Amino acid sequence: MNRIVYVNGVYLPESEAKVSIFDRGFLMADGVYEVTSVLGGKLIDFDGHAFRLRRSLTELEMASPISKNVLLEVHRELVRLNEIDEGMIYLQITRGAPNDRDFVFPDPQKTPSTIVLFTQNKPGLANNPAAKKGIKVISIEDIRWGRRDIKTVQLLYPSMGKMMAKKAGVDDAWMVQDGFVTEGTSNNAYIVKGNKIITRAKSNDILHGITRAAVLRFAEEAQMEIEERNFSIEEAREADEAFITSASTFVMPVVEIDGVMLGDGSPGNVAPRLREIYIDESRKIAI
Ligand code: PMP
């Protein structure tokens, strides 16, 4: 594969793309990111991702190297150059590359941020066969830092969580703090009881998912009841259904938690319906 990627204002083949060894993203995970999905060659929830990116940068006192309009142009140009019909655009901004390693933030006037974007081609993203079967999760302790609302590139623990899931023969891990589920390793977590969707309220404990916001809006429009509150693994194991949301999985049913099957172990009604609504409605407003 030789993708065309974007580095600091330049489009170039991935094999020629380079970032300094002093980049603070590399040395200190001092960077933020976004993942925007592409369906039918168009961007899903672009405004939401651009808004959250701005918020992450502000919270970390990091300068924004790009305006929203230019960001949109770059996303579209990468979709065009790499002929993406279904897939994702990954975007990362770091605090740049000073001339040496230092804990203190560099002066943004002297050290511009580093911006990198690349595409991930995923034909069949919308028709993902996993959505028909649902996924299995285990629970693990949430030992991440206290600002999970900022989308930083410090993904070591989520990555370890995925490995714990893989070793346990399942698909993902739900993280638990003080007895309550925070979120999945790379997604927001929900349970369903009757017509009610239960998900943890937004706070610094979880990432404010862009897909979460859209799915809750569509659920409300479809007259479903929403309760934003904490839930435990015990409550989840007795729920009628469970699911996750993220930009790359949309809505994905969860059919097993810590080895306990939910209902009859198949996806149920609510999650598949929400998935369909989310994909259909998002396609209509994709840009
Ligand atoms: N929580 C975490 C920890 C995540 O990494 C992600 C996806 N990056 C999400 C939730 C879902 O967010 P979104 O719907 O914006 O992809």
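Which side chain does Asp149 meet in a salt bridge? Arg55 is the partner, and the N to O distance is 3.0 Å. Hello everyone, and please keep in mind that what I am showing you is a predicted model.

Let me start with the layout. The protein chain is divided into two parts, domain 1, residues 4-121, and domain 2, residues 132-285. Their C-alpha centres lie 26 Å apart. Domain 1 brings 22 residues to the contact, and domain 2 brings 21. Together the domains bury about 1900 Å² between them, and 62% of that area is on carbon and sulfur atoms. If you would like some residues to click on, try Tyr33, Leu39 and Arg52: these three supply 32% of the area that domain 1 buries against domain 2, more than any other three residues. Three salt bridges turn up across this interface as well.

Now to the pockets. The largest pocket has a volume of about 740 Å³. Which residues lie nearest its centre? They are Tyr33, Lys151, Leu155, Thr185 and Ser186, out of a lining of 34 residues. You have met Tyr33 already, as one of the three residues that supply 32% of what domain 1 buries against domain 2.

The lining of this largest pocket draws at least three residues from each domain. Several elements supply at least two residues each, among them strand 3 (31-39), helix 2 (46-59), strand 9 (180-184) and helix 6 (210-221). Helix 5 gives the most, with four residues. For those of you thinking about chemistry, the lining divides into 12 nonpolar, 15 polar and seven charged residues.

On to the second largest pocket, with a volume of about 380 Å³. Its lining has 22 residues, and the closest to the centre are Asp47, Gly48, Gly209, Ile210 and Ala213. Where does this pocket lie with respect to the two domains? Domain 1 and domain 2 both give residues to the lining, so the second largest pocket lies between them.

Helix 2 has the largest share of that lining, six residues. Helix 6 and helix 8 (270-285) each supply at least two. Here the division is 10 nonpolar, four polar and eight charged residues.

Next, the enclosed space. Rolling a probe the size of a water molecule over the atoms shows where empty space is left. How many cavities of 30 Å³ or more does a search of the whole structure find? The search finds one. About 30 Å³ of space lies in this cavity.

The cavity is lined by Glu34, Thr36, Phe46, His49, Ala50, Leu53, Leu71, His75 and Leu91. By class, that is five nonpolar, three polar and one charged. Helix 2 is back again, giving the most to the cavity lining with four residues. Strand 3 and helix 3 (68-81) each supply at least two.

So helix 2 is worth a look on your screens: helix 2 helps line the largest pocket, has the largest share of the second largest pocket's lining, and gives the most to the lining of the cavity.

Let me finish where I began, with salt bridges. How many does the structure hold? The count is 22. Besides Asp149 with Arg55, I would like to show you Arg95 and Asp30, whose side chains meet at 2.7 Å, N to O. This pair links distant parts of the chain, with the two residues 65 residues apart. Arg95 sits in the loop between strand 5 and strand 6 (114-121), while Asp30 sits in the loop between helix 1 (24-28) and strand 3.

That is the tour, and thank you for listening!

Definitions and conventions:
Residues numbered from 1 in each chain as written. Predicted model: local features only at pLDDT ≥ 70, side-chain atom pairs only at ≥ 80, totals over all residues. Heavy atoms only, no water. 1 Å grid on protein atoms, 1.4 Å probe; cavity = no way out; pocket = protein on both sides within 12 Å on 5 of 7 lines; lining within 4 Å. Points joined across faces, edges and corners; volume = space filled by probe spheres on them. Nonpolar A, V, L, I, M, F, W, Y, C, P; charged D, E, K, R; others polar. Domains from an automatic or database assignment. Contact = heavy atoms within 4.5 Å. Buried area = accessible area lost by both parts, 1.4 Å probe. Salt bridge = Lys/Arg side-chain N within 4 Å of Asp/Glu carboxyl O.
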